[in-house]
Amino acid sequence: MFLLVSPDRWRQVKVWIPPVAWAALIFVFSEQTFSGANTSRILQPLLRYLLPPISASDIEIVHLLLRKVGHFVEYFILAALITRALCQPTPHDVSARHLALAVALAALYAISDEWHQALVPNRSASGVDVLIDVFGAICGIFWFRLRNPGKRRAGR
């Protein structure tokens with residue numbers, strides 16, 4: 001036997017692999033390699049190529065906006081994956097408690113991620129980024145809820 005875990009327990013563990021893997025990817029994105037200075041080396045020449053008349057200051061603004069959209073998307077996906085894991089084995093049985101817990105877990109991870117960035121050279125922590133992350137998480141749980149209509153319950 002490969003794992004000394006019952007099939008039911010393995011099913012419960014397996015649903016958490018995607019959100020944990022996604023959280024690990026977010027952690028990697030928080031490293032120095034993905035700092036604004038490093039991503040600008042790729043994005044700014046690309047933007048100059050795609051939009052030749054754009055000014056240098058506009059390129060910096062677009063670069064910043066792309067990075068903030070990245071925060072939103074990372075946590076949108078994370079919260080949707082957490083919600084999916086919390087609702088197993090019946091994803092159509094989404095409670096308000098599942099949704100609140102998913103946002104809380106994503107928010108705690110966003111705070112810990114910013115704390116991690118504060119410890120990384122050439123990175124810094126930002127409360128604005130946490131707010132963007134939490135907004136992305138809220139949108140992610142609502143997207144999950146809209147994609148999985150079913151029994152509506154106030155809590156559980």
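## A tour from a buried aspartate outward

Begin by selecting Asp133, which is buried yet has no salt bridge, the nearest side chain of opposite charge being that of Lys68, 8.2 Å away. Bear in mind throughout that the model is a predicted one. Asp133 lies in helix H6, and if its neighbours within four places in sequence are left aside, the residues in contact with Asp133 are His71, Tyr75, Ala110 and Glu114.

**The whole chain**

Now zoom out and colour by secondary structure. The protein has 6 helices and 0 strands, so that the order of elements from the N terminus reads α-α-α-α-α-α. Along the principal axes, the C-alpha atoms fill a box of roughly 55 × 40 × 30 Å. Of the 156 residues of the protein, 32% count as buried, and among the contacts with a separation of 6 or more, 74% are made by residues 24 or more positions apart.

**The salt bridge**

Which two residues meet through their side chains in a salt bridge? Select Lys68 and Asp129, whose side chains form this interaction with an N to O distance of 2.5 Å. The pair links distant parts of the chain, since Lys68 belongs to helix H4 (residues 56-86) and Asp129 to helix H6 (residues 127-147), with their positions 61 residues apart in the numbering. The structure holds 1 salt bridge, and a surface view is useful for judging its two ends: Lys68 is partly exposed, with a relative accessible area of 24%, whereas Asp129 counts as buried at 5% relative accessibility. Lys68 is also the residue named at the start of the tour, as the nearest side chain of opposite charge to Asp133.

**A second buried aspartate**

Move next to Asp113, which is found in helix H5 (residues 96-119). Where is the nearest side chain of opposite charge to Asp113? Asp113 is buried and has no salt bridge, and the nearest candidate, Arg123, is 6.8 Å away; a salt bridge would need a side-chain nitrogen of Lys or Arg within 4 Å of a carboxyl oxygen. Not counting residues up to four places away in sequence, Asp113 touches Ile26, Phe27, Ser30 and Tyr75. Keep Tyr75 displayed when comparing the two sites, for Tyr75 is among the contacts of Asp133 and among those of Asp113.

**Two phenylalanines**

Select Phe76, which lies in helix H4 and is partly exposed, with a relative accessible area of 21%. Setting aside residues up to four places away in sequence, the residues touched by Phe76 are Gly136, Ala137, Cys139, Gly140 and Trp143. For a distance to check in the viewer, the C-alpha atoms of Phe76 and Ala100 are separated by 14 Å, the two residues being 24 residues apart along the chain.

Then turn to Phe144, in helix H6. Is Phe144 buried or exposed? Phe144 is buried, with a relative accessible area of 5%, and therefore falls under the 20% limit used for that class. Between the C-alpha atoms of Phe144 and Leu78, which are 66 residues apart along the chain, the separation is 11 Å.

**The largest pocket**

To find the largest pocket, select Phe29, Phe34, Thr39, Arg67 and Glu74, which lie nearest its centre among the 16 residues of its lining. The elements that give two or more residues to this lining are helix H2 (17-29), helix H3 (36-50), H4 and H5, with the largest share, 5 residues, coming from H4. About 330 Å³ of space lies in this pocket, and colouring the lining by class brings out 6 nonpolar, 6 polar and 4 charged residues.

**The second largest pocket**

The last stop is the second largest pocket, in which about 250 Å³ of space lies. Its lining is made up of Asp8, Arg11, Gln12, Lys14, Val15, Trp16, Arg84, Ala85, Leu86, Gln88 and Pro89. Which element supplies the largest share of this lining? The largest share, 4 residues, comes from H1, and helix H1 (7-14) and H4 each supply at least two residues. By class, the lining of the second largest pocket divides into 5 nonpolar, 2 polar and 4 charged residues.

How values were computed
Residues are numbered from 1 along each chain as its sequence is written. This is a predicted model: local features need pLDDT of at least 70, side-chain atom pairs count only at pLDDT 80 or more; totals for chains, interfaces and linings use all residues. Side-chain values use heavy atoms; hydrogens and water are left out. Buried means under 20% relative accessible area, exposed over 50%, partly exposed in between (1.4 Å probe, protein chains only). Lys and Arg count as positive and Asp and Glu as negative; His and the chain ends are not counted. Contact means heavy atoms within 4.5 Å. On a 1 Å grid over the protein atoms alone, a cavity is a set of points where a 1.4 Å probe fits but cannot get out, and a pocket is an open set with protein on both sides within 12 Å along at least five of seven lines; lining residues have an atom within 4 Å of a point. Grid points are joined across faces, edges and corners, and a volume is the space filled by probe spheres set on the points. Ala, Val, Leu, Ile, Met, Phe, Trp, Tyr, Cys and Pro count as nonpolar, Asp, Glu, Lys and Arg as charged, and the others, Gly among them, as polar.
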